[in-house]
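Hi everyone, thanks for making time. I'll put the structure up first, and then we'll walk through it together.

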Amino acid sequence: MKTLTYIFHDCFVYEDRDYLVVFDYWKDPTVRANELPLFITRADKSKHLVVLVSHHHKDHYTKKIFEWEKLFRNVTFILSRDTFKFCRHILNPDSCYAGYKPKPENVRILKEGDKLLINGLGIEVFGSTDIGNSYILTIKGETLFHAGDLNAWIWKDESTPEEVSAETEKFLKIVRQIKCLYPKLDIVMFPVDARIGSEFYRGAELFVREIEVNKFFPMHFELYETSTEERYLKFGAVDLSKYANPNRGEYICLMYPYAAYLWE
């Protein structure tokens, strides 16, 4: 059995018999700030923990992830270069930083174009229209894509047509690089956030036009912090009709922390 669990914002947790893979952990809104996230507390610590950070923005990264190393037998941290620069004082064994420092052999710094194989789990790095990385993981014959902040960040209500065109082309250039190697993807976790305005869905729409996606999971929203159904409908994660193509796979919105999708 394989499970993909939504935690918050861009954070998902993939789990199978051998791996616990965490994407872009920032916080677990179901626990107090000083507590471990539930998925770590409850995890089988004999599994290989792989923690990926797409970039260092505060809603994609926290230094607390390094403390998880104390709990697991096997741990690998995958960091983008900008994240490494942001936390190099934590990663330097000789620095005066007094907090927990992970073992250097458990940390890998990857950039666009890099590939890594960890005990049968493949990682390939692609670019972003923001900073940092997007990642494709190959696990037991399936491909999982986590976009990080790769998106067509089109603020159409505030931008000129030239700015919209430039942003679209920048986005499509990266998507087509991915398409050359991966014309089909099994699992895609991708930003769909209506706070960017009327074109909030454009990046997702363009992505699934270019690449055949089996299961599409929206992210980069915080429905958990909203209070009414009317507010929910303002967020692209709910309004799948804007970009979902029923002929190109499933569109699955895991709206709340620890909502999970299971498959064989």
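Let's start with Cys180, which is exposed, because its relative accessibility is 68% and the cut-off for exposed is over 50%. Keep in mind that this is a predicted model. Now, is Cys11 buried or exposed? Cys11 has a relative accessible area of 0%, so it's buried.

What about disulfides? If you search the whole structure, you get 0 of them. Take Cys11 again: the nearest cysteine sulfur belongs to Cys253, and that's 15 Å away. A disulfide needs the two sulfurs within 2.5 Å, so Cys11 isn't in one.

Okay, on to the sheet. It's an open one with 7 strands, in the order S7-S8-S9-S10-S11-S12-S13, and the pairing is mixed. At the edges you'll find S7, residues 115-118, and S13, residues 250-251, each pairing on one side only. S7 and S8 run antiparallel, joined by 4 bridges. In one of those spots, Ile118 has Leu121 of S8 as its bridge partner. Helix H4, residues 161-181, packs on this sheet and touches S8, S9, S10 and S11. Its direction makes about 150° with that of S8.

Last stop, the nonpolar cores. Which residues touch the most other members of the largest one? Out of 61 residues, they're Val21, Ile123, Leu137, Phe145, Phe190, Phe207 and Phe216. H4 gives this core its largest share, 6 residues. If you click on Phe190, look for its contacts, including Phe145, Phe171, Phe207 and Phe216. There's also another core lying apart, with 25 residues, among them Phe8, Tyr25, Val75 and Leu79.

Technical notes: Residues are numbered from 1 along each chain as its sequence is written. This is a predicted model: local features need pLDDT of at least 70, side-chain atom pairs count only at pLDDT 80 or more; totals for chains, interfaces and linings use all residues. Side-chain values use heavy atoms; hydrogens and water are left out. Buried means under 20% relative accessible area, exposed over 50%, partly exposed in between (1.4 Å probe, protein chains only). Two strands pair if DSSP finds at least two bridges between them. Helices (H or I, at least four residues) and strands (E, at least two) are DSSP runs, numbered from the N terminus. Contact means heavy atoms within 4.5 Å. Axes are lines fitted to C-alpha atoms, for helices over the stretch in contact, and angles run from 0 to 180 degrees between N-to-C directions. A nonpolar core is a set of buried Ala, Val, Leu, Ile, Met, Phe, Trp, Tyr and Cys residues joined through side-chain atoms within 4.5 Å. Lists of a residue's contacts leave out its neighbours within four places in sequence.
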